[in-house]
Amino acid sequence: MSKAIVEGSDGPAGKGSKGRMKIDGACHCGRISYEADINPDYVTICHCTDCQAFSGAPYRFTVPVKAENFKLHGQPKIYIKTADSGNKRALAFCADCGSAIYSTSLDDRVVFSLRLGTAKQRAQLVPKYQGWCRSALPWAMDISDIPRAPDPTQ
C-alpha cells in the first residue's frame, strides 16, 4: 500500500497546506454521505484479490483520510474482513444500495480509506500509486486498445 496508508497519514494538513482538496460524496441511494479534506497525492489503486471481490471490479480506487478530516452522515453497515495477514478491517457500506464507503482498522479508527467511486470529484482524483500488482488482472493494466462503445445518450 501507499506510504501514507502504512504510516497512518493523509498528508500535510492545516491552514495554508498545499495539496489539500475538499471532496464530498454519497452512496448511490443517498442514504449515506460524507465530506473529507484529503491529499490527492495519496490516491491509490489496489489490485489485491479482496479489493477485486469487494468492488466487483479489477481494482479499487481509494484515498486515506484522517478521522479529524472526515465527516460522515448516516449509519453504514459494517462488515469485518480478516486479511491473509490476520489483521481485521472494518468495511463500511450502505445497507440499502450496497455502495462501498470506506474501510478502517477495527480497533484504531484514526485513518479511513475512502472508496472514491462515491466521490463527486472522482474524475479529478488521479491515482498516484498502485499496489498488489501481482494480483492485477493482466488486461487491467492497459485498456487503451479495447474498442469503445459509442455513448448511448448521443
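This briefing covers Arg115 and its surroundings, then Trp132 and Trp139. The model is predicted. Arg115 is a buried residue without a salt bridge, while Trp132 and Trp139 both lie in the segment after β10.

**Arg115**

- Arg115 belongs to strand β9, which spans residues 111–115.
- Arg115 is buried, yet no salt bridge is found for this residue.
- Asp50 is the nearest side chain of opposite charge, at 9.2 Å from Arg115; a salt bridge would need a side-chain nitrogen within 4 Å of a carboxyl oxygen, so this pair does not count as one.
- The side chain of Arg115 does make a polar contact of 3.3 Å with the side chain of Ser103.
- Leaving aside residues up to four places away in sequence, Arg115 touches Ala100, Ile101, Tyr102 and Ser103, along with Arg60, Phe61 and Thr62.
- Tyr34 and Leu91 complete the list of residues that Arg115 touches beyond that sequence window.

**Trp132**

- Trp132 sits in the segment after β10.
- The phi angle of Trp132 is near 55°, a positive value in a residue other than glycine.
- Trp132 has a relative accessible area of 40% and is therefore partly exposed, a class that lies between the 20% and 50% limits.

**Trp139 and the surface patch**

- Trp139 is placed in the segment after β10, a strand that covers residues 129–131.
- With a relative accessible area of 47%, Trp139 is partly exposed.
- Trp139 forms a nonpolar surface patch together with Ile143 and Ile146.
- The accessible area of Trp139, Ile143 and Ile146 together is about 320 Å².
- Trp139 can be part of a patch because its 47% passes the requirement of over 30% relative accessible area.

Note on methods
Residues are numbered from 1 along each chain as its sequence is written. This is a predicted model: local features need pLDDT of at least 70, side-chain atom pairs count only at pLDDT 80 or more; totals for chains, interfaces and linings use all residues. Side-chain values use heavy atoms; hydrogens and water are left out. Patches are made of residues with over 30% relative accessible area and no salt bridge: like charges are joined within 9 Å, nonpolar side chains (Val, Leu, Ile, Met, Phe, Trp, Tyr) within 5 Å. Accessible areas come from the Shrake-Rupley method with a 1.4 Å probe; for residues, only the protein chains shown count as cover. Helices (H or I, at least four residues) and strands (E, at least two) are DSSP runs, numbered from the N terminus. Buried means under 20% relative accessible area, exposed over 50%, partly exposed in between (1.4 Å probe, protein chains only). Lys and Arg count as positive and Asp and Glu as negative; His and the chain ends are not counted. A polar contact is a pair of N or O atoms within 3.5 Å; within protein, one must be able to donate a hydrogen and the other to accept it, and residues adjacent in sequence count only if both atoms are side-chain atoms. Contact means heavy atoms within 4.5 Å.
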